[in-house]
Amino acid sequence: MIAKEMGMIFSKHADMMTTKHWTELLQQLEAKGLFVVIETDTNGRVLSPFGGLMPMPCKNETLNVFTAEELEAKGLTAGHHVVSKCRPVAEAK
């Protein structure tokens with residue numbers, strides 16, 4: 001299946017995915033040395049479910065998949081991140 005077809009299918013299934021499903025998907029990526037970075041266009045902040053603040057969700061978000069080496073080159077630690085495009089990625093931790 002090509003990416004465009006899977007994208008259409010994925011958007012329909014995403015509404016049915018629970019936190020557990022998303023966690024399992026992210027763990028599979030981690031096992032392969034891949035991490036998701038969500039980049040937003042907003043400088044607004046919301047409370048993170050684990051404490052502290054994180055960039056607010058917005059309509060113009062992008063999802064990117066990086067290796068640990070690619071994250072390090074951007075000044076980020078290995079792991080999943082939510083960053084704001086409003087400032088350099090290296091400052092958005």
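The largest pocket holds about 1100 Å³ of space. The model in which it is found is a predicted one.

A total of 31 residues line this pocket, and those nearest its centre are Leu26, Val36, Ile38, His80 and Val82. Sorted by class, the lining consists of 19 nonpolar, 8 polar and 4 charged residues. Several elements contribute to the lining: helix H2, strand S1 (34–40), strand S3 (53–55), strand S4 (62–67) and strand S5 (81–84) each provide at least two residues. Of the lining residues, the largest share is that of H2, with 6 residues.

Helix H2, which spans 19–31, also takes part in a second feature, a nonpolar patch to which both H2 and helix H1 (3–14) supply at least two residues each. This patch lies on the surface and is formed by Met1, Met6, Ile9, Phe10, Trp22 and Leu25. Together these residues have about 560 Å² of accessible area. Here the largest share, 3 residues, belongs to H1. H2 thus appears in both places: it gives the pocket lining its largest share, and it supplies at least two residues of the patch.

One member of the patch, Met1, sits in the segment before H1. Is Met1 buried or exposed? Met1 counts as exposed because its relative accessibility is 70%, and the cut-off for exposed is over 50%.

Key:
Residues numbered from 1 in each chain as written. Predicted model: local features only at pLDDT ≥ 70, side-chain atom pairs only at ≥ 80, totals over all residues. Heavy atoms only, no water. Patch = residues over 30% accessible without salt bridge, like charges linked within 9 Å, V, L, I, M, F, W, Y side chains within 5 Å. Areas by Shrake-Rupley, 256 points an atom, 1.4 Å probe, with all protein chains shown as cover. Salt bridge = Lys/Arg side-chain N within 4 Å of Asp/Glu carboxyl O. Helix = DSSP H or I, 4+ residues; strand = E, 2+ residues; numbered from the N terminus. Buried < 20%, exposed > 50% of the residue type's maximum accessible area, 1.4 Å probe, protein only. 1 Å grid on protein atoms, 1.4 Å probe; cavity = no way out; pocket = protein on both sides within 12 Å on 5 of 7 lines; lining within 4 Å. Points joined across faces, edges and corners; volume = space filled by probe spheres on them. Nonpolar A, V, L, I, M, F, W, Y, C, P; charged D, E, K, R; others polar.
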